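The following note is offered to a colleague examining this entry. It takes up a loop, a ligand site and a helix pair in turn.

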Amino acid sequence: MIEQEKEKKMINDSRRGFLKSAAIGSALVVGAEMSPIAAAFADEIPKVTYTGGYKAGTAVQELELLDLVEIEQRAAKVIPKGGFGYIAGGAGDEWTLRENRAAFERKQITPRVLTGKGAVDLRAEILGISIASPIIVCPMGGQGLAHVTAEAGMAMGAAAGNTIMALSTVSTLSMEQVAAAAGGPKWFQLYLQTDDGVNRDLLRRAKAAGYKAIVLTVDSTATGNREADARNNFTFPLPFGNLVGKGSGGNIHALNASFAQKIDAKAIEFVLTESGLPVIVKGISSPDDALLAIRAGASAIQISNHGGRQLDGSPATFTVLPAVAKAVDRKVPIILDSGIRRGQDVFKALASGADIVGLGRPAYYGLALGGWKGVHSVLKFLNRELSMVMQLAGAQTVEDIKRTNLA
Ligand SMILES: Cc1cc2nc3c(=O)[nH]c(=O)nc-3n(C[C@H](O)[C@H](O)[C@H](O)COP(=O)(O)O)c2cc1C
């Protein structure tokens, strides 16, 4: 059997495995795992070459997961200390990092056990793309820090899970390498650069490589004070594939200096015009910013505080969600990220005004521990938890969740 067919067979086998294990009681979980494979893998998966002694995960394996909290400590054993600190850390006192989790704990889901509802259907849709469940993978930089297949592994894992992967501007592999590695829907995340020539070039390349939307991150006009990086004296051990030859090299400070230091409605209009793609504005916490972004032409809003990595002391995304959702008033879809670790969190976010959630660090850890299969395992696990929660809360579909009132 040729290599590509083997990979396809492996994905289909693992999908069947998920279907079996996703059956809760007598109920069947309906998700895109039932559909034929959406995305083929490339014959050859690109791999990162490490220099200077840095060494990340190489295993490609399914993961037995207990929850998506403990996976962090497992990943710490595979990712070198500096890289792990960069990934796991938050800004300042890490209050917002903790609060992203704590906020979910202050709301409860009331069990609904006599609705007579059985089969749970996780399927969702965002900007015309059908996905297995309302969970997508957030853009995260430098994934070579975690695994030798870097963003190619992440893209394959997301494709295997039939969901969207957003690729960071500061990815280890280039957007063309990632697009070639795996089919499946992808968005390109843009950190606006001070040089509009560079911005135009990145947007043109993203469109040419088949990325379906631009995620414009607007919460990073300054970099949060990530103390773990200072303590570990962390410098990026790898170049950034999209920016090779564009000045910053591997130096994170030089790179940060090349990021635009002010972003406004005009910047959103620029990205829209230059890309000709839908624009998702990521990093929103305030209703006023949400409205500004929509007026400038945003097709979706991503409520995010960058996983507590930017403005420490800012509220949890789950805390600001109801007010932002009220202002947005269903004009555009809302994606929420930061702190999603459990099926309960996904449920609570959707019941409070989000349409889709974005998963950050747990996907990164899945990549470290098991390459594309690890990412797929993480997605399957969260889908399974979500389907259990839906079953116990009497919600059959994603739309049912959105109609649920939390206690
Ligand atoms: C290691 C790491 C790198 C990140 N890099 C980017 C990035 O390049 N662009 C971006 O928009 N967000 C980036 N983020 C933020 C994520 O997109 C997302 O908002 C956050 O991780 C969600 O929080 P969670 O990790 O608690 O799930 C990064 C997050 C982490 C953990």
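**Note on selected local features**

1. Leu-127 is found in the loop that joins β3 (124-126) to β4 (129-131). The model is a predicted one, and in it Leu-127 adopts a positive phi of about 45° although it is not a glycine. This residue counts as partly exposed because 18 C-beta neighbours lie inside 10 Å, where 20 or more would make a residue buried and 12 or fewer exposed.

2. A second non-glycine residue with positive phi is Arg-330, at about 65°. Arg-330 lies in the loop between α12 and β11 (334-337). Since Arg-330 has 9 C-beta neighbours inside 10 Å, it counts as exposed.

3. Helix α12 (residues 317-328) also takes part in a helix pair: its axis and that of α11 (residues 287-295) come within 8 Å and cross at roughly 35°. The crossing of α11 past α12 is right-handed. On the α11 side the contact is made by Pro-287, Ala-290, Leu-291 and Ile-294, and on the α12 side by Ala-323, Val-324, Ala-327 and Val-328. By class, the residues of this contact comprise eight nonpolar, no polar and no charged.

4. Turning to the ligand, there are 24 residues around it, of which Cys-138, Gly-141, Ser-168, Gly-307 and Gly-360 come nearest. At least two residues of the shell are supplied by each of α3 (81-88) and α14 (361-393). The shell is of mixed character, with nine nonpolar, eleven polar and four charged residues.

Key: Residues are numbered from 1 along each chain as its sequence is written. This is a predicted model: local features need pLDDT of at least 70, side-chain atom pairs count only at pLDDT 80 or more; totals for chains, interfaces and linings use all residues. Axes are lines fitted to C-alpha atoms, for helices over the stretch in contact, and angles run from 0 to 180 degrees between N-to-C directions. Helices (H or I, at least four residues) and strands (E, at least two) are DSSP runs, numbered from the N terminus. A crossing is left-handed if the near helix is turned anticlockwise from the far one by less than a right angle, and right-handed if clockwise. Two residues are in contact if their C-beta atoms, placed from the backbone, lie within 7 Å. Ala, Val, Leu, Ile, Met, Phe, Trp, Tyr, Cys and Pro count as nonpolar, Asp, Glu, Lys and Arg as charged, and the others, Gly among them, as polar. A residue is near a molecule or strand if its C-beta atom, placed from the backbone, lies within 6 Å of it.
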